[in-house]
Structure formats: C-alpha cells, structure tokens
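Q: Please guide me through the reading of a structure, beginning with its strands and then turning to its enclosed spaces.

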Amino acid sequence: MGETSLRERRRALLERTDLRGSAFCRAYASAADEWLTGVANRASEGNPRRLALLAVGGYGRAELSPFSDLDVVLVHEGHRDVAALADAIWYPVWDEGVHLDHSVRRPAEVLEAADGDLRVALGLLDARMVWGDPRVAEPLVTKAHEAWRTRLGAKWLTTLAEQMEQRRRTSGDVAFLLEPDLKESHGGLRDVHVLRAVAAYAPLLADYVDLAALGPVRELLTEVRVELHRRAGRELDRLLLQEQDHVAAVLGYPDADALMAAVAAAGRRVAWVSHDTWRRRRLWEPEVRRPGRGLFARRVPRPDATSPTAVPDEVEPGIALSDGEVVLTPAAGVTTDPSLCLRLAAVAAERELPAARGALHRLADKVPPLPDPWPPEARQALVRLLATGHRAIDQLEALDHHGLLVRVLPEWEPVRNKPQRNAYHRFTVDRHLLEAAANAAGLADRVDRPDLLLVGTLLHDIGKGSPGDHTDAGVVLVERIGRRMGFSPSDVETLVDVCRLHLLLPDTATRRDLDDPATIDRVAEEVRDHRTLALLAALTEADSLATGPSAWGTWKAGLVAELVARVDARLAGGAPARRRPWVTEDHRSVMDEVRRTGRPTIRLDPPRVVVAAPDRPGLLASVAGVLALHGLDVRSADVGGEGGVATEVFTVEVGRGSWPDTARLRQDLEAVLDDRLALEDELAAKERAYAGSSRPRRARPTEPRVVVDDAASASSTVVEVQAADELGLLHRVTRALFDCNLDVVTARVSTVGDAVVDAFYVRNASGAKLSDPTVVAHVRQALLDVIGR
C-alpha cells in the first residue's frame with residue numbers, strides 16, 4: 001500500500017471537527033513535515049549530508065492553515081545535483097495541488113537574501129529544519145536570528161512600520177470592516193507576526209507594551225481563519241458576510257453579531273498593542289551605534305529620554321511626567337481620588353504622551369467605581385479629555401483595554417465592540433462614539449456650552465447596546481448618566497434632548513421640503529431654543545463625519561445649514577418661512593425654449609439637472625429612469641410648471657463614471673417619451689450588469705417600509721419609502737405613484753448605506769391631500785409591491 005498523500009492527510013484532518021485553530025495548524029504542519037521528509041528521503045536516496053530543508057514563515061511557526069502555502073528553503077553546501085534534487089521535492093508538492101513558496105540557496109546566499117529582502121528576513125525568524133543535516137540548518141538559523149537582533153532589525157524597523165500602515169490603508173481594520181481580511185487587515189494576523197519580529201529585535205519591548213495580550217486574540221483569529229478555509233475548500237482569509245453565520249455556528253457563537261463582536265475585539269486588541277508599540281518606540285528601541293571602531297564606537301541615547309533615576313516632574317496632584325510617559329506618583333490617591341483615572345488620561349492627551357503601563361495597571365487593580373454623583377473634578381477631567389479631540393481616542397482606548405472605561409461609565413459595556421453590520425457605518429458603536437466626540441471637539445467654538453456638546457456626542461448612540469429603539473433607550477440612559485455625572489437638572493434635560501433629537505436635523509433636511517413652513521415650524525417646536533439647535537447642528541456634523549464617507553457631503557451639509565438658519569430665525573421670532581416661488585426666470589427661459597421647439601430641454605449645472613418638457617402624465621418617472629440609465633443618483637427633485645410645460649429640477653450625484661453628455665441625455669429622454677426606448681428593459685439590463693461585482697453585499701436585507709404622513713405639510717401628504725438601494729428604484733416608485741393618480745410635487749432622496757429613504761410630497765388629482773383611508777391603503781400596498789420585489 002502506497003504512502004498516504006498530503007492531500008489525503010489534509011482531508012482527514014479537515015474532517016476532524018474537533019481540530020480547530022492552532023491545534024489544526026500544528027497537526028497539519030506535523031503531517032506536512034512527515035510527508036515532506038518521505039519525499040526528500042526518496043529524492044536524496046536517504047543521504048541528507050550537506051543538505052537541509054527548512055520550513056519558514058507560517059509553516060515554520062506551525063501555523064499552517066488548511067490551504068496556506070508551504071514556505072520552504074532547500075539549503076545546500078555545494079551539492080552537485082541540487083537543482084535536480086530540488087525538482088524531485090517540488091514536483092510531488094505541486095502534484096498534490098498544494099501551493100508552494102520555495103527557494104534553493106547556500107547558507108551565505110540565504111543570509112544575503114535576508115539582508116536585501118524583508119520578507120526573507122522575517123521568514124527566517126521562524127525557520128526550523130524539516131529534514132536534513134542539522135549541521136547545515138542550525139548554524140544558519142542561529143546566524144539569521146543574530147543578524148536580526150544586531151543589524152537587520154534596525155535596518156528594517158521603519159519599513160515594518162510603513163508596511164503596517166500601508167496595509168491599513170489598503171485593507172482597512174479588522175475591527176471595523178463588514179468583511180475583514182483576518183490576515184492582512186490592520187489588527188489581523190500579519191500584524192501579530194510583525195510585533196513578534198519587533199520583539200525579537202528589541203527585548204525591552206515587553207517592558208513597555210502588553211505583548212502577552214496577543215496570545216488569546218491570535219488564537220481567536222486563527223480559529224476563524226481555519227473554519228473559513230474548511231468551509232470554502234480553498235484559501236479564504238476575508239470573513240465574507242455569507243460565511244459569518246456558518247462560522248459563528250461552528251465555533252459556538254449565538255449568532256453572527258456575536259462572532260463579529262469577538263473578531264472586532266480581537267482586531268482592536270492587536271491594533272492597540274501595535275499602535276502602542278510604535279508610539280513608545282523611543283522607549284524600547286535599542287540604542288544606535290555611531291560609526292567608530294571597537295571601544296571607540298559611541299552609544300547614542302534615546303531622543304529626549306530623561307534619566308531613569310530622575311525625579312518625576314509632577315504636573316498636577318498624583319500625576320507626573322517621567323521618561324516621556326505620564327505616570328502616577330507614589331503618593332497618588334489611587335483608591336481615594338475619584339478623578340485620578342480621567343485626569344491621567346486628560347494629561348496624556350493634552351501633552352500627546354502615552355500613559356505609563358504601570359500607571360494603568362495600578363488603576364486597574366485598585367481604582368474604585370466613581371461615586372454617585374461624580375465630584376466636579378471628575379466631570380471636568382472628562383471634558384478636558386474629550387476637548388483634546390482625536391488625541392483623546394488613544395487614551396480612552398487605553399482605559400478601555402484595561403477595563404477602566406466601563407468602571408467610569410458602566411453603560412459603555414453593552415456597546416463595546418458592538419458591530420453595526422451595514423455599509424453605512426464604518427465603526428463599531430463604541431468606536432463611532434469616540435470618533436464622533438473627537439470630531440465634536442473641533443466644532444466646540446460653534447456652541448456656548450462645549451461641555452454639553454462633548455458629553456452629548458459621546459453618549460448620543462449609547463442606547464444601541466439596549467433592546468428596542470436606540471433613541472428611546474438612549475434617552476433613559478443619558479438621563480441617568482447625566483445626573484450621575486453631576487450635571488444640573490437643566491443641563492441633564494438638554495443632554496436628554498440632544499440624544500432624543502440627534503437625528504432630527506439630518507432626517508428633516510434630507511427627507512422634507514425646507515420651503516414648506518410646516519417643516520420649519522415642526523423643528524422649531526422640537527428644539528425649543530437656540531442652544532439646543534446649535535448643539536444639534538454641531539452633533540449632526542460630528543456624527544455624520546464619524547459614520548462614513550457617504551454620510552456627510554456638500555449636498556447634505558448645505559441642506560442642514562439651510563434648515564438650521566431657517567429654524568434659528570423662527571426661534572428668534574421671525575415670521576414663518578415663505579415658500580420660494582417655484583418658477584424662476586431661469587426656469588422660464590428653459591420653458592420658453594420648450595414652447596419654441598416642442599422638444600425636451602436639459603441643462604446640466606452640477607450638481608443640478610434641470611429638465612423641461614411638454615407636460616404629460618408620468619413625466620417624473622420617465623426622467624428619473626433616464627437619469628438612472630446615465631449613472632446619476634438623484635438626491636432631491638422639485639416639480640412644477642405652467643402653460644403646458646413641466647419643469648423638474650434634480651439635485652444629483654454621479655454614482656458611477658462621469659457626468660453624462662447632455663445631447664445623449666436629451667436623445668434618450670426623447671426616445672422614452674416617444675416610446676422608442678424600452679426604459680424598464682434597459683434599466684433591468686443595466687442592473688444585471690452591475691450585480692455582484694460592483695455592489696457590496698448587504699449585512700442584513702433592508703426591510704421595505706412605507707409611511708404615509710398627513711400632518712408633515714399643510715398642502716401635501718408626505719409618503720416616505722424605505723427600500724434597498726437599487727438602480728431605477730426612484731423610477732419604479734414614481735411610476736407607482738403615477739399609476740395611483742397622484743401628483744408628485746417634491747421628492748427627497750436620502751441614501752443610508754445600502755438603503756434609501758425617499759420622501760414624496762404628493763397630492764391627488766384634485767390637488768388635495770390624501771384623506772381617504774382606502775386610498776392611503778391602496779397607495780401603501782402599491783408601493784410595497786414595487787419595492788419589496
């Protein structure tokens with residue numbers, strides 16, 4: 001009976017569901033060792049003299065995932081037929097369908113390659129002999145390690161840091177991506193291996209950075225990676241949405257959310273240790289030798305380092321600066337000073353220095369929960385910390401990783417590492433709150449109470465860790481937290497209002513007609529005063545910027561600014577806003593051109609598209625469909641006209657490609673109006689062309705929803721539609737409204753990740769609001785039929 005193939009050995013291991021994570025990797029590496037040893041023995045006819053086959057990289061560490069490459073080096077000391085021998089080893093591996101990364105070198109050539117190639121140098125740090133002559137392998141491995149400690153580590157250190165940052169730019173963060181790459185994303189396994197390499201070069205690193213924290217998170221990421229490979233039957237390191245439920249079930253998580261929360265926590269831990277490593281580089285990096293000979297070579301002290309025996313410089317009670325870190329003095333009231341923890345973080349952020357590990361450990365071991373209510377010094381320290389902006393994030397992350405943030409704010413625990421599984425949000429809930437608060441610090445000069453802005457922003461989504469509507473839950477939590485922090489009753493009321501209304505401005509600006517006096521009056525009644533309005537305006541911008549790149553742009557910013565200005569004037573006692581005249585002189589010139597030619601006229605004035613055409617039923621639906629065909633995403637639409645000519649003004653964004661050609665746009669519109677272009681067929685074909693490759697997968701399907709609001713406007717009924725974002729959706733919805741004999745006066749289109757929320761101001765054929773419940777029910781069902789397909 002022949003020897004069991006490597007492929008069969010791997011299959012047998014994959015069938016053992018009890019083998020997970022690093023246990024599987026070690027078992028597979030051992031199986032590969034045994035199989036390769038047999039191959040090499042046959043190739044060398046049992047004579048390994050002056051030869052050695054080294055496993056390097058992940059294989060060398062025995063971290064061999066099911067479909068990872070075998071990284072090997074065949075080392076020889078002048079073997080005459082080494083090329084033929086190497087082929088006799090490599091070809092059986094390829095015949096097994098296993099990916100192979102290989103090289104053939106003399107010992108000196110291996111070391112020379114490490115000197116010129118960082119990847120080779122890193123691989124050799126994990127080198128071990130699989131087969132061969134130890135007299136060849138062992139000296140080489142020893143020299144490679146010595147070279148890294150004495151020379152190559154210093155040479156490649158900056159490159160390691162740059163590559164890590166480049167991976168973050170190109171592959172994102174494990175903690176915050178919908179589909180993180182467990183190996184290459186920032187906070188992934190590649191970063192763990194880099195930190196091991198840094199520690200091999202700089203033994204002092206372990207004194208300043210919590211490297212021990214990497215063990216459990218590396219195991220978790222390895223477990224998930226092994227199950228991904230097992231599930232896919234191929235190398236797959238990106239945790240795809242469609243695989244998350246399966247991996248969660250196999251690994252015993254309640255659901256995919258729980259899995260992704262654990263992955264996020266692991267990624268954040270790795271990222272934090274990594275960031276902490278580079279931030280403290282001047283403390284652990286070995287001293288550099290100046291050129292010189294022997295005893296005359298001079299050691300260069302670390303830049304800006306003070307003597308370890310120097311007396312710390314106390315900057316405020318219990319807190320001092322020492323050797324480039326913020327430390328606690330021996331007399332610091334760790335168990336008696338409730339403000340100490342937050343003051344330490346505030347000083348570190350203000351001075352852009354790390355808080356010493358020893359200080360954080362002292363606090364983690366001994367600091368008690370804050371009293372209820374907080375002393376003023378604690379609240380002031382929190383505001384000081386938040387006021388430093390993005391510098392505060394590092395310090396709050398440090399408190400969080402040492403369990404101190406939840407001791408300060410117990411309500412933080414439910415939002416820690418909580419994923420927001422949609423394309424709209426780029427961060428977990430807790431990191432989103434930190435980022436939003438950091439953004440708010442840059443807007444503090446716009447409000448008269450920066451403290452309320454900073455704390456309100458930090459807490460605005462705190463309800464997302466509770467069941468039910470996150471705003472309703474947040475209002476309850478914010479009232480409790482505000483009182484505990486020691487804010488006055490009126491300040492607590494303001495914080496509660498900020499939480500309760502934190503979506504009011506963006507939702508109103510993007511989904512309601514700002515020319516409608518009822519819109520402005522409703523917002524003014526909700527906010528009640530100028531202070532709350534200013535706080536909400538700053539929070540809206542800070543929150544949107546922290547949400548994701550699609551959440552804040554010139555279009556949305558302009559609408560919010562216009563809404564705030566109108567509400568501010570209304571609060572100051574101004575008259576209700578008057579609707580601006582629809583038909584302007586610019587519109588009249590376009591309409592006159594239509595009357596002269598009898599043909600549609602289109603003007604492109606980015607970001608606006610003005611369309612005038614002979615009025616006819618269903619014109620809005622036709623124009624919306626043509627705009628979608630040309631890659632324009634509609635953000636708002638205003639409809640009007642007179643004298644038999646309709647004018648439609650669209651605010652648009654280019655979804656794909658560049659601005660369309662006006663002539664082509666007019667030709668297609670004329671073809672649609674003349675029934676020469678099958679619009680539905682063209683849209684369906686374009687949707688199929690974009691399906692799969694260009695669209696991100698949805699974390700959760702968007703639940704179709706239709707809300708009919710008869711009170712939002714004095715003259716129209718507002719129909720709000722929520723649906724998955726799809727090509728031609730606006731065309732289908734407006735066509736359905738037309739089929740219901742409704743006239744669309746104004747439309748607002750708001751994209752929220754992979755969903756849209758469209759609001760239509762409609763009137764019936766008599767120009768009145770919808771008052772008949774039967775008609776309302778019919779309209780709702782007609783829309784659900786087209787958006788829920």
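**Strands and cavities**

A: Strand E14 (residues 705-709) runs antiparallel to E15, and five bridges join them. This is a predicted model, in which local features need pLDDT of at least 70, side-chain atom pairs count only at pLDDT 80 or more, and totals for chains, interfaces and linings use all residues. Residues are numbered from 1 along each chain as its sequence is written, and side-chain values use heavy atoms, with hydrogens and water left out. Strands (E, at least two residues) are DSSP runs, numbered from the N terminus, as are helices (H or I, at least four); two strands pair if DSSP finds at least two bridges between them.

Q: Which strand pairs with E15 over eight bridges?

A: Strand E17 (residues 755-763) does so, in the antiparallel sense. There Val756 stands opposite Ala723, while Val721 in E15 is the bridge partner of Val706.

Q: Why is E15 described as largely enclosed by the rest of the structure?

A: Strand E15 (residues 717-724) is so described because seven of its eight residues are buried, that is, under 20% relative accessible area with a 1.4 Å probe, protein chains only.

Q: How is empty space found, and which residues line the second largest cavity?

A: Rolling a probe the size of a water molecule over the atoms shows where empty space is left. A cavity is a set of points on a 1 Å grid over the protein atoms alone where a 1.4 Å probe fits but cannot get out; lining residues have an atom within 4 Å of a point. Among those lining the second largest cavity are Trp374, Leu382, Trp412 and Met485.

Notes. On a 1 Å grid over the protein atoms alone, a cavity is a set of points where a 1.4 Å probe fits but cannot get out, and a pocket is an open set with protein on both sides within 12 Å along at least five of seven lines; lining residues have an atom within 4 Å of a point. Buried means under 20% relative accessible area, exposed over 50%, partly exposed in between (1.4 Å probe, protein chains only).
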